[in-house]
Amino acid sequence: MIAPVQKATPRRLLEVSSSAGGIYGLIVVSGVIVVTRNLTGSSWEALLAVIGTLLVFFAAHTYATTLGEMSQHDLSFRAALKRGLTESIGMIVIGVIPVLVLLLGVTGVLRSVDAVWLALLIDVLLLAILGWAVTAARLQNPWARFGGALLTAGFGGMIIALKALIH
């Protein structure tokens, strides 16, 4: 029997996005934006590279999680794959946001360089929000929540710092 599709509520989107796959996906997207934009010089090529890389990392993360679930639990391939997809889908869900921002640069709504910087800034902001939300679900201390947001956003910030050094 196939499980019913869950309704896309804001809470459900937060749960999916704040998975390890979602957080890792934002960090990967940031890194790919930095590298491809500097190497290709074309927003269109950078956008395609980001989408392609995101899909490959999604597939790899799903596969790795599936194998891990099969090795740690007595699950069929189908049950393990379902867990793998559940754990990894956040990578695609949250990764769509910076991709849409890059698309604004490709279509000319924003200057290409502005779209790249905005996508990177949004990545860091999303990481901070996810860090805060996950920490807030477990801890009441506002300093701990702030620390969770800062630490999570720090990974994206390091990517931006690398971009500044490369550029």
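Two residues are in contact when heavy atoms of theirs lie within 4.5 Å. In this predicted model, residues 24 or more positions apart account for 64% of the contacts in the protein chain with a separation of 6 or more. The elements that make up the chain are six helices, with zero strands, and the pattern read along the sequence is accordingly α-α-α-α-α-α. Of the 167 residues, 37% count as buried. The chain exposes about 9,800 Å², and carbon and sulfur atoms supply 71% of that area.

The interior may be considered next. In soluble globular proteins, nonpolar side chains tend to be buried together. The largest nonpolar core of this model holds 20 residues, of which Val29, Ile33, Val50, Leu102, Val116, Ala119 and Leu120 touch the most other members. Helices α2, α3, α4, α5 (112–138) and α6 (142–166) each supply at least two residues of this core, and the largest share, five residues, comes from α2. Apart from this core lies another, of five residues, including Ile94, Leu126, Leu127 and Leu130.

Two residues illustrate the surroundings of the core. Val29 is in contact with Val50, Leu54, Pro98 and Asp123, leaving aside its neighbours within four places in sequence. Ser30 belongs to helix α2, which covers residues 20–40. Ser30 has a relative accessible area of 1% and is therefore buried, since that value is under the 20% limit. Not counting residues up to four places away in sequence, Ser30 touches Leu120, Asp123 and Ile159. Asp123 thus appears among the contacts of both Val29 and Ser30.

Helix α3 spans residues 43–72 and includes Thr65. With a relative accessible area of 17%, Thr65 counts as buried because this value is also under 20%. A polar atom of the Thr65 side chain lies 2.8 Å from the backbone oxygen of His61. An α-helix has 3.6 residues a turn, so residues three or four places apart point the same way. Beyond its neighbours within four places in sequence, Thr65 is in contact with Arg83, Gly84, Glu87 and Ser88.

Gly84 and Ser88 lead to helix α4, since both are listed among the buried residues of that helix. The other buried residues of α4 are Ala80, Gly90, Met91, Ile94, Gly95, Pro98, Val99, Val101, Leu102 and Gly105. Helix α4 comprises 30 residues (77–106), which at 1.5 Å a residue should span 44 Å; its end C-alpha atoms are 40 Å apart, so the two values agree. There is nevertheless a kink of about 35° in α4, centred on Ser88. Ser88 is thus both a contact of Thr65 and the centre of this kink. After α4 comes Gly108, whose phi is positive, near 90°.

The last position to examine is Leu139, in the loop between α5 and α6. Leu139 has a relative accessibility of 40% and counts as partly exposed, because this value falls between the limits of 20% and 50%. Leaving aside residues up to four places away in sequence, Leu139 touches Ala144 and Arg145.

How values were computed. Residues numbered from 1 in each chain as written. Predicted model: local features only at pLDDT ≥ 70, side-chain atom pairs only at ≥ 80, totals over all residues. Heavy atoms only, no water. Helix = DSSP H or I, 4+ residues; strand = E, 2+ residues; numbered from the N terminus. Buried < 20%, exposed > 50% of the residue type's maximum accessible area, 1.4 Å probe, protein only. Polar contact = N/O pair within 3.5 Å; in protein donor to acceptor, adjacent residues only side chain to side chain. Expected span 1.5 Å × (residues − 1). Bend = angle between axes of the 7 residues up to and from the residue. Core = buried A, V, L, I, M, F, W, Y, C linked by side-chain atoms within 4.5 Å. Areas by Shrake-Rupley, 256 points an atom, 1.4 Å probe, with all protein chains shown as cover.
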